[in-house]
Amino acid sequence: MNFQILIVPLIYVAPVFAGVFFLFQKISQNYAKSWDIEWGYYAVLALFAWLCAALIWNAKEIFQRVKNNLPSKFSMLGLAALLVLFTVFASTQISLQHRVLSDETSWESMALQMRFSQSGGVCNQGVWKDGALECKDVVNNFKGKAFAFVQSLAFLFAEPSRETALRVNLPLALCSIALLFFAMFRFAKDEWLALTAAIFLASQPIFLMQSRSASTEVLYVFLFGALLSFYSIIPPKEVSLKHFALVIPLLGFFAQTRQETMFCFIPFVLFYYSYFLEKPWRLAVFSALVILASWPAINTMIAYRGYDFQGGEHAAHSFANFIYNLKSDIRIMWNAELASNGLLKNPFYTTYAFLLFASSAWLLYKVVIGKYRWAALLFALFCLQIGVILFNVSGTFEIDINQRYVLVALPLFAIVMAAGLCDILKGKSKIVCGVAAVLAVYLSINHIKSFNENILYNRNKLLAEEDYLNSALKKLPENSIFIYARPWQMLASGFNGFSERQFLGWSPNELEEWRNFSGNNIYVVRGQDGYGEVNRNSRVVGFKTTSTISGILSRYKTERIFSETRPFGYPLEAYKIGRERGESNYAASIKWNSEKMEIEWNLPDTLTDYRIFLDNKLLDSVKNIQSFSIENPGMHYAILTAFPANDTVKKEAQFFIRSESNSLLQSAKPSNWSQDWGEPKMGKTVENNALKIDGRVFEFGIGSHANSKLTWNLNGAYKKFHSYIGLDDESACGNGAIWVVIGDGKQLYRSKVLTSHEIDSLSIDISGVNVLALEAMDNGDKDCDHANWAGAWLE
């Protein structure tokens with residue numbers, strides 16, 4: 001082949017990849033995270049619309065090609081029997097439940113966010129109202145969006161619940177088996193080899209188990225089967241633009257099952273190399289469109305660029321991991337010993353591992369002597385993604401929940417086993433298929449207790465914890481709020497959920513609002529994550545909320561609702577949260593309504609000893625303590641101190657009274673922003689807690705972090721900018737920061753260095769200013785510089 005013919009397409013495609021590499025390095029992680037939440041869902045929705053349109057365009061041709069080359073009725077009956085047996089066995093012998101709890105509930109919470117808010121993020125904390133999820137905290141997640149999107153589609157036709165999400169994978173698994181059969185039938189031109197591959201895929205324990213859970217890897221296998229089937233019916237000499245219109249969105253969805261999937265795209269290009277060599281620009285256009293279709297996955301990698309979330313003795317990504325993971329995974333897949341209770345230790349059959357290694361050795365020998373080299377090249381290039389997984393610290397099957405990663409390779413294993421055995425026994429593929437069927441049935445029945453007992457997943461105490469909580473918490477009053485280390489899991493199970501840290505970060509006003517919403521039924525749940533400390537030497541670091549939850553229990557009066565130890569080995573407990581220790585008994589009856597700008601003090605009628613301050617001025621003229629209004633527009637701060645018999649009540653409240661000429665700064669998003677850590681939060685601190693400076697709580701304002709610059713387009717509409725400034729109490733370890741106000745490029749204000757528990761106020765003339773910029777600058781060290789613009793408003 002002429003070298004020039006090969007090099008020209010690469011010259012065309014080089015600028016495309018250079019551009020992507022440039023964007024990957026230059027796009028900030030903050031921007032990528034914001035894009036992910038705001039546009040991630042719409043990007044996947046657009047891709048789905050593209051896929052549907054392309055499928056309609058190709059449907060007639062696909063139908064005709066399949067119809068013209070069907071397997072025999074006998075093999076089709078064999079496939080039908082396999083699908084029926086798979087369905088019956090999975091439905092009757094394997095429980096419908098999570099098996100990789102944190103990941104699965106993350107996808108479900110993302111799917112709920114897609115369904116109710118059309119957002120690409122994960123709803124981390126929120127409440128259910130009238131059957132709809134109202135998310136209070138949307139966060140990013142490094143998981144792909146494809147599976148969550150499929151679940152969100154299911155939520156359109158069935159109840160948006162954990163059970164609906166768990167039922168998505170079984171039909172995907174059945175379709176995967178059928179697609180692999182048809183693809184191998186056309187590629188190998190041997191229907192019994194194809195049925196053998198389908199049998200080996202369907203009878204793998206890990207595949208059976210995951211078909212009854214909610215993990216993305218089953219969708220991966222389905223999409224792989226879809227791509228393989230489509231490639232099998234479109235020969236290289238007949239491929240056209242019309243066909244690539246379907247291939248591109250399929251690859252886009254494929255990339256969004258697992259980010260590593262993009263490393264296996266080369267063989268999907270190489271298979272049709274003659275098409276791309278014919279006109280060199282085609283490769284560049286195809287590559288650009290695949291990158292566009294895969295952009296949500298690429299954007300996620302940008303957002304988590306350099307992120308090290310694991311532990312262990314090796315770096316997060318290293319060749320040392322590759323060697324360690326490869327050895328441990330082969331050892332675990334061999335799975336030669338049963339556990340002491342007679343169950344399989346891991347969801348792999350030793351018999352299948354032997355057949356896989358033997359078939360691999362045989363086919364490798366055939367490649368060495370000159371056979372199947374083209375198929376071997378495509379196979380090896382596809383396996384690049386498996387190498388990327390092994391390169392990661394979490395690629396070892398010693399981490400039980402990560403054994404599902406083998407599903408990425410499972411279709412390849414099934415193909416190698418079937419192809420190798422049929423090649424060894426030339427002309428006897430029907431016998432091989434029969435033996436495979438008998439072996440699959442025997443192994444499944446012989447290990448039926450392992451399936452009943454959930455194999456290795458019964459060692460995961462968090463799964464038992466989830467099942468117990470789903471039952472116990474349903475007995476508590478409707479609208480109850482649960483404070484839990486994994487609040488997104490609560491949401492996926494249909495409960496209202498917030499984290500322990502968020503609960504402690506609520507302002508007094510917010511806490512009262514949530515007490516009212518829940519009927520004073522707020523519970524803190526202490527599970528596995530609430531005991532012990534994080535082990536940084538473990539390959540799975542995880543997280544612990546031990547100190548935070550202990551702080552809640554010591555700070556508030558509590559009533560224990562239940563405590564169960566036996567199934568878990570630790571006490572799984574729930575406490576109803578009462579008033580803060582030392583808090584007045586009258587505190588619950590002091591209310592205000594900021595919408596009506598009215599404060600209601602529901603204290604005893606006989607009370608005469610009280611003081612009300614408004615904006616630091618004592619109100620002597622207030623005669624009716626039960627109700628009074630604040631009418632002047634702008635920001636106000638009220639303090640009530642009352643002395644009922646044997647008690648003292650102090651309540652603080654911040655109000656903003658709107659008018660046509662004023663506005664809260666937080667009511668408009670910044671037109672542009674940059675921040676060295678985290679992202680600016682409206683009405684909250686950078687860590688999403690109530691704004692608090694030197695003990696004073698602010699209901700309004702903006703939480704940022706030095707160094708930062710936040711910009712608003714005001715178009716000369718305001719005359720004054722007001723704010724309190726200072727470091728938030730949530731992080732008091734910094735050496736101070738500086739606050740700067742800039743109008744149309746001119747510095748209007750610069751503060752002195754303010755350290756922890758120092759607060760200052762400012763009122764700046766901004767008459768005629770079109771662009772207002774607020775900067776927080778570090779004092780030589782940005783650590784802990786949680787810089788607040790508290791109570792910021794414009795008039």
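## Surface patch, sheet and backbone features

Tyr12, Trp281, Val285, Leu289 and Leu292 together form a nonpolar patch on the surface, with a combined accessible area of about 490 Å². Helix H14 (residues 281-293) supplies the largest share of this patch, 4 residues, whereas Tyr12 is found in helix H1 (residues 3-26). In an α-helix there are 3.6 residues a turn, so residues three or four places apart point the same way. Tyr12 counts as partly exposed because its relative accessibility is 42%, a value that falls between the limits of 20% for buried and 50% for exposed.

The model is predicted, and its protein chain contains 27 helices and 27 strands. The C-alpha atoms fill a box of roughly 105 × 65 × 50 Å along the principal axes. For 795 residues a compact globule would have a radius of gyration near 28 Å, and the 31 Å of the protein chain agrees with this. Of the 795 residues, 54% count as buried.

An open sheet of 5 strands is arranged in the order E16-E21-E26-E23-E24, with antiparallel pairing. Strand E16 (672-675) and strand E24 (746-750) stand at the edges and have a single partner strand each, so one side of each is left without a neighbour in the sheet. On average, and with direction ignored, neighbouring strands of this sheet are turned by 15 degrees against each other. Within the sheet, strand E21 (residues 708-713) and strand E26 (residues 771-778) run antiparallel and are joined by 6 bridges; Lys709 has Glu775 in E26 as its bridge partner.

The loop between strand E20 (701-703) and E21 holds Asn707, which is joined to Ala706 by a cis peptide bond with omega of about -5 degrees.

Positive phi values occur at the residues tabulated here, neither of which is glycine.

| Residue | Phi | Loop location | Relative accessibility |
|---|---|---|---|
| Tyr372 | near 55 degrees | between helix H17 (350-368) and helix H18 (373-382) | 36%, partly exposed |
| Asp694 | near 50 degrees | between strand E18 (691-693) and strand E19 (696-698) | 42%, partly exposed |

A positive phi, near 70 degrees, is also found at Gly519, which follows helix H26. In helix H26 (residues 508-518), the buried residues are Asn509, Glu510, Leu511, Glu512, Trp514, Arg515 and Ser518.

Definitions and conventions
Residues are numbered from 1 along each chain as its sequence is written. This is a predicted model: local features need pLDDT of at least 70, side-chain atom pairs count only at pLDDT 80 or more; totals for chains, interfaces and linings use all residues. Side-chain values use heavy atoms; hydrogens and water are left out. Two strands pair if DSSP finds at least two bridges between them. Helices (H or I, at least four residues) and strands (E, at least two) are DSSP runs, numbered from the N terminus. Axes are lines fitted to C-alpha atoms, for helices over the stretch in contact, and angles run from 0 to 180 degrees between N-to-C directions. Patches are made of residues with over 30% relative accessible area and no salt bridge: like charges are joined within 9 Å, nonpolar side chains (Val, Leu, Ile, Met, Phe, Trp, Tyr) within 5 Å. Accessible areas come from the Shrake-Rupley method with a 1.4 Å probe; for residues, only the protein chains shown count as cover. A salt bridge is a side-chain nitrogen of Lys or Arg within 4 Å of a carboxyl oxygen of Asp or Glu. Buried means under 20% relative accessible area, exposed over 50%, partly exposed in between (1.4 Å probe, protein chains only). The radius of gyration is taken over C-alpha atoms; the globule rule is 2.2 Å times the number of residues to the power 0.38.
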